[in-house]
Amino acid sequence: MKLGIIAAGAALALGLAACGSGGSSGSGGSTPAGGSGDIKIGMSISTLNNPYFVQLRAGAEEEAKKLGVALTVTDAQNDASQQVNQVQNFTSQNMKAIVINPVDSDAAAPAVKAADRVSVPVIAADRGVNGAEVAQTVASDNVAGGKLAAQELAKQMGEKGKVVVLQGVPGTSASRDRGQGFTEGIKAYPNIQVVAQQPADFDRTKGLDVMTNLLQSHPDITGVFAENDEMALGAIKALGAKAGAEVKVVGFDGTPDGLKAIQAGTLAASIAQQPKLLGQQAVGNAVKAAKGESLQKVVAVPVKVATKDNLSEFTS
Amino acid sequence: MSQEILRVEGLRKRFPGVLALDGVDLALRTGEVHVLLGENGAGKSTLIKMLSGAYHPDEGRILLDGRPVDIRTAGDAQRLGIATIYQEFNLVPDLTVGENLSLGRPPRRFGFVDVKAMHDKARELLDRVGLDVDPRTRIGALGIARMQMVEIAKALALDARVLIMDEPTAVLTTSEVDRLFAIVRQLRDNGVAVVFITHHLEEIAQIGDTVTVLRDGRSVAEVPADTPQDELVRLMVGRPIDQQYPREAEPPGRPLLKVEGLTRRGAFEDVSFEVRAGEVVGLAGLVGAGRTELARAIFGADRYDEGEVTVGDRRLPRGDIDAAMEAGLGLVPEDRKGQGLVLGADIAENLGLVTLGRASRAGFVDRTGQRKAAAKVAAQLGVRMSGLEQEVRTLSGGNQQKVVIGKWLLADVRVLVLDEPTRGIDVGAKVEIYQLINSLTASGDAVLMISSDLPEVIGMSDRVLVMARGRLVGELPADEATQDAVMALAVTEVEGTRVR
Amino acid sequence: MSDKARGWLSENGALVALVVLAVALSLLSSDFLSVSNLLNVGVQAAVTAILAFGATFVIITGGIDLSVGSVAALSAITLAYLSTTSGLPWPLATLLGLAVGVACGLANAALIAYGKLPPFIATLAMLGIARGLALVISEGSPIAMPDAVSHVGDTVAGYLPVPVLVMLVMGVIAAVILNRTYAGRAMYAIGGNEEAARLSGIKVNRMKLVTYALSGGFAAVAGIVLASRLASAQPQAAAGYELDAIAAVVIGGASLSGGKGRAFGTFVGALILAVLRNGLNLLSVSAFWQQVVIGVVIALAVLVDTLRRRSAN
């Protein structure tokens, strides 16, 4: 009796979830008749709890629709072990290729190995995989992006002044690479001094709080580099009227909210990754791999500096 | 033949707001049972906690074999050969008897617990206390009496030379008490010095050799155990108590509580009786006869299957405490600490618990009014406290019970059900509670009193109902209720009952 | 030391810790002790404090509410979605946002009081459900808050931040509920001894509904304050804040086993966390060490308080 109720409840919940996700990931049922009609691709995304990855998914789905392949997208909720399960499930669902956007570059290896064992090609998207062979890595270059950010910030600051850096979640590769690129890049400007580097965990609220606190100890800064747009937007909130005027803020990712802030003049620039393009390329190459075509090992999706001048390129 | 083993001189201990011990002396000899007697709050617990390392004295000293010792921890006490059996046992219910007996120092072989050696050792210890259980039995599966035997066996395992027992008989039946006494005597004859705490005066002559009486944190006398009870009471309370059971019967009025055909399968069956205004009705029986279950069902704390309960003219819905209280019913539960009191809250808070709803208007509590009422009732009951904001946890048992009764007095109950109202309470406080019962009935209220203390049931009730195996098996008027008559009914075998 | 002074100290151990922390920071950093910085600390404490006031009710009853962070996000997303995306008038949207918080609390309480689930499990389930619903409604992207509501994140008279005012008001409400109302006194009794409370006629299940509904309602207010500060409701906002809230309550002297706790203590606990984070930024402590320091201070604050209480007994 009790079991029946639980089973019914579970079935209901699954049904609801299926309805809810139908619109976003289910190109499965309505595959147009075409050359690639029987190709199924699985994609495991690290988290959909972040607009950047939501865009990555959008690009992937667009590409899948264009090529007429069935794409199944799962959300690993930033849990590496869940991601391993998802990839294993893909292999048992007879996916012809798998796109993985690793939660953690090291922890993704077992999942990739599992796919390799049944000879399903794996494309790593946005982050690489350490310790296992993938068919291709499609990623933007975070170190290069960090350098670009340093150059753009220096230019807008007139190559002099004091800068603070808002760091992402300590220990993540994105934070490490962007920070490293920025530090290398800013060395070229002897009159610019980095006065503080503090973590705000890629989070907008924390960006606001940490920036507020830093303004107390460093009221005379003229530049801010935030390792993502979310923190940059928080910092802009803390800077108030100073943002865009006395203090130049450079973010990273080129999210829709970030681009809006560039339009408004409060954000000086954002290093735009192109998550949609990234998603498109990952799925496009996954289809190629599924058809047995050979791929180059690394595709570097270009990062671009988005400023007010070239904004139209990004808002299409 | 016997020599002094432990000596305590001028112990003092102060807690915030209370001087718990104010100069206690005690001389303990090998091979004697030394009874510690005193009202709750006299300092017995504080004293034994110092001997077992739970507290450290502010002043005074403890000598073992004539040498001063410093007992800082339970481990220190153990090493010195002092073992203590508290009322709340120190056993792990989910481990076996054998594991409990070697807790913390199991016999080992190659780094693993040597189960066989552990059980052999346990069996030997259990034999010494005359307890016939398999060492692989889980502690939780034993009854209280047998758990206590395991505690004693544990003390033996430590080669205790001084064994302190805090009210070991409070939870035992008569035959279990006899067994316990036999073991205690045997220990004594083997040269162990036993410190024995009890509230049952009649036990003192049976088991004790010497009595030290504590009063208000001081040791007031050391007397032989055959000292007459009256004299012991006088020493303990500081004044003579004329009458242990000062019942003043009233002519009964109309029925206030009517119970008809009440049945809860597996607990009690077809119970009918009534309690009239001005009456104290005693409910006697063996532990497990279903009395507590009956009381809880009447009050609405548990559901019942059949029958009905009427208070005044109102028939109470099943399992509805609210309705029962509304009708004027109150329950003083058996387990004072577990069910009667919020131990971490203060006296005022506890006294105001039942009237909390009544003292609220639009959700807001009239706390000033609540406090005033609490102050009044605390004074009326003579609760001994440093102030209304004292935590009830720190009150003595008798004073705690006064608080539980007090919260019902504030609610103007008409029928009060008392479940073991004086368990673990000293003589002086008992009499005060009896007087409270008198004043309740004098003002026309009714009392249903469950008690396993036969002299109390007989001494305080106007009528005695006896339950056995879930059924009401007899009723005795006050003048016919003797201990023998009640016991004869209480052990009645009930035919065809489903109750086990 | 007199008994009275000792009694006061044992009641206000957290306050002592806060003062020590503040003195230490003002010696270490010249920027700490300024009106503007202290107001910043107040603003940064506000969301945690409001969540923690709600958690105080629950912890006093001996329960736990892990869902407050998620519920805060869901309430703010609901408000923003109804107002910005669906075009409902903002007062109605705000009311519905608050109602969602209360409803989540009631659902928790129903599972706990009638379904007899342990509070840890019931609210853990709600942690996932509320966060998930916030993502479903927002489709994973931030939604702009209506301008009228965003003023909650502003300052009045040029310097007084509204979040601080909201925090103080919610704190007073919490204190009044705990000290003066039937529900509040019942919470202490239930947390102290649930069976004794029941046998004294306190409607335990109904009071649990009230308790968790309050926690949900306070979480909704916290979520709205948080979103107003950013002028944007984010589905991933306040993730993990439940742990900060619980830490604030416990630092403030409440016992996780129930029956003890005060709104003022919780307030001080939230301030300790905010002062600490502020101070670490001012002193430019490295990212990796910050987490260590915060953990150590939480442990120390509770430890000092526990030791003080023990010595007082």
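**Three chains: contacts, chain B and its helix H6**

Colleague: How far apart do the closest C-alpha atoms of chain A and chain B lie?

Modeller: No contact (C-beta atoms, placed from the backbone, within 7 Å) joins chain A and chain B. This is a predicted model, in which local features need pLDDT of at least 70, side-chain atom pairs count only at pLDDT 80 or more, and totals for chains, interfaces and linings use all residues. Residues are numbered from 1 along each chain as its sequence is written, while chains are lettered from A and ligands numbered from 1 in the order in which they are written. The closest C-alpha atoms of chains A and B are separated by 23 Å.

Colleague: Which element gives the largest share of the side of chain C that touches chain A?

Modeller: The contact draws 25 residues from chain C and 24 residues from chain A. Among the elements giving two or more residues to the chain C side are helix H3 (35-60) and helix H13 (263-282); helices (H or I, at least four residues) and strands (E, at least two) are DSSP runs, numbered from the N terminus. The largest share, 4 residues, is given by H13(C).

Colleague: What radius of gyration does chain B have?

Modeller: The C-alpha trace of chain B spans about 70 × 55 × 50 Å along its principal axes. The globule rule, with the radius taken over C-alpha atoms, is 2.2 Å times the number of residues to the power 0.38. For 500 residues a compact globule would have a radius near 23 Å, which agrees with the chain B value of 24 Å.

Colleague: Which residues of H6(B) are buried?

Modeller: Helix H6 of chain B covers residues 174-189. A residue is buried if 20 or more other C-beta atoms, placed from the backbone, lie within 10 Å of its own, exposed if 12 or fewer, and partly exposed in between. By this rule, the buried residues of H6(B) are Leu180(B), Val184(B), Leu187(B) and Arg188(B).

Colleague: Why do these residues lie on the same side of H6(B), and what arc do they cover?

Modeller: An α-helix has 3.6 residues a turn, so residues three or four places apart point the same way. The arc is that of the directions from the helix axis to the C-beta atoms. The buried residues lie on the same side of H6(B) because their arc is only 95 degrees.

Colleague: Which exposed residues does the face of H6(B) turned away from its buried side carry?

Modeller: The cover over the buried residues includes strands S3 (33-37), S9 (162-166) and S10 (193-197) and helix H7 (201-207) of chain B. The face turned away from the buried side carries the exposed Ser175(B), Asp178(B) and Asp189(B).

How values were computed. The expected span of a helix is 1.5 Å times one less than its number of residues. Two residues are in contact if their C-beta atoms, placed from the backbone, lie within 7 Å.
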